[in-house]
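Student: I would like a close look at the aromatic rings in this model. Please go through the ring geometry and the surroundings in one connected answer.

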Amino acid sequence: STGNLTGWTLNTVSPSTATASVINEEGAVDITNDDGEHWHISLMQYKISLINGVRYTLKFKAKAQASRTISTKVQLNNEPWTSYQDSVVVITTTMNTYSVTWVQTETGSNFKIGFFVGAQGINDVWFDDVELIADGPAATFTFATNAANGSITLSPAGGTYDAGATVIATAIPDAGYKFTGWSGHLSGTNN
């Protein structure tokens with residue numbers, strides 16, 4: 001079943017049941033049956049546009065009937081259902097501000113963003129002031145190489161990468177030479 005809450009859609013998968021409403025200007029999810037799957041009760045927004053390489057923050061206020069966890073989710077809204085951000089957040093009985101940040105890795109306009117609130121029993125949740133903030137381009141770093149008597153390949157190729165990216169450097173010695181080790185910010189003798 002589904003229900004609307006000012007641009008938000010409440011989704012439930014049977015046998016889980018819940019309703020959404022506005023109480024004291026806060027979005028309330030009243031959970032009436034929870035089958036134990038966190039995604040079987042979700043509050044989502046659809047058709048969200050995101051840009052590759054931009055750092056986003058999902059900022060929101062939340063509280064619950066009793067302390068519990070919820071999951072934040074940013075996902076492609078069609079196959080292959082790629083997840084870009086999936087965090088577990090502990091919320092309490094007091095309305096507090098929470099945030100999760102990620103760097104988007106794909107551009108498009110068919111993403112969904114929201115909260116999985118199942119798997120915690122009959123434990124209602126309230127939300128307020130939900131914001132999606134584009135913090136600007138992700139931090140980058142430059143991987144500069146210098147090799148005597150050989151070359152270095154980088155995978156993926158390039159030289160400038162988003163912070164947190166994995167880059168594999170491979171030394172290729174010239175004929176008659178042997179790789180002996182890395183120096184500078186890299187160390188060790190494994191190639």
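Which residues form one aromatic cluster?

Tutor: The model is predicted. One aromatic cluster is formed by Trp8, Phe60, Tyr98, Phe115 and Phe127. Over the whole structure, the search finds eight aromatic pairs. One of them joins two cluster members, Phe60 and Phe115: the ring centres are 4.8 Å apart and the planes meet at 65 degrees. Planes over 60 degrees apart count as edge-to-face, so this pair is edge-to-face. Phe60 belongs to strand S6 (residues 54-64) and Phe115 to strand S10 (residues 108-116), so that the contact links distant parts of the chain, 55 residues apart. Both rings belong to buried residues: Phe60 has a relative accessibility of 1%, and Phe115 has a relative accessible area of 1%. The cut-off behind that label is under 20%.

Strand S10 also holds Phe111, which pairs with Tyr84 of strand S8 (residues 83-91) across 27 residues of chain. The Tyr84 and Phe111 rings are edge-to-face, with 5.4 Å from centre to centre and 85 degrees between the planes. Phe111 counts as buried at 1% relative accessibility. Tyr84, with a relative accessible area of 11%, is buried because the value is under 20%.

A charged side chain over a ring is a separate kind of contact. Lys63 lies over the face of Trp126, at 5.4 Å from the ring centre. The distance limit for such a contact is within 6 Å.

Methods: Residues are numbered from 1 along each chain as its sequence is written. This is a predicted model: local features need pLDDT of at least 70, side-chain atom pairs count only at pLDDT 80 or more; totals for chains, interfaces and linings use all residues. Side-chain values use heavy atoms; hydrogens and water are left out. Rings of Phe, Tyr and Trp (its six-membered ring) pair if their centres lie within 6.5 Å; planes under 30 degrees apart count as stacked, over 60 as edge-to-face and the rest as tilted. Helices (H or I, at least four residues) and strands (E, at least two) are DSSP runs, numbered from the N terminus. Buried means under 20% relative accessible area, exposed over 50%, partly exposed in between (1.4 Å probe, protein chains only). A charge sits over a ring if NZ of Lys or CZ of Arg is within 6 Å of the ring centre and within 35 degrees of the ring normal.
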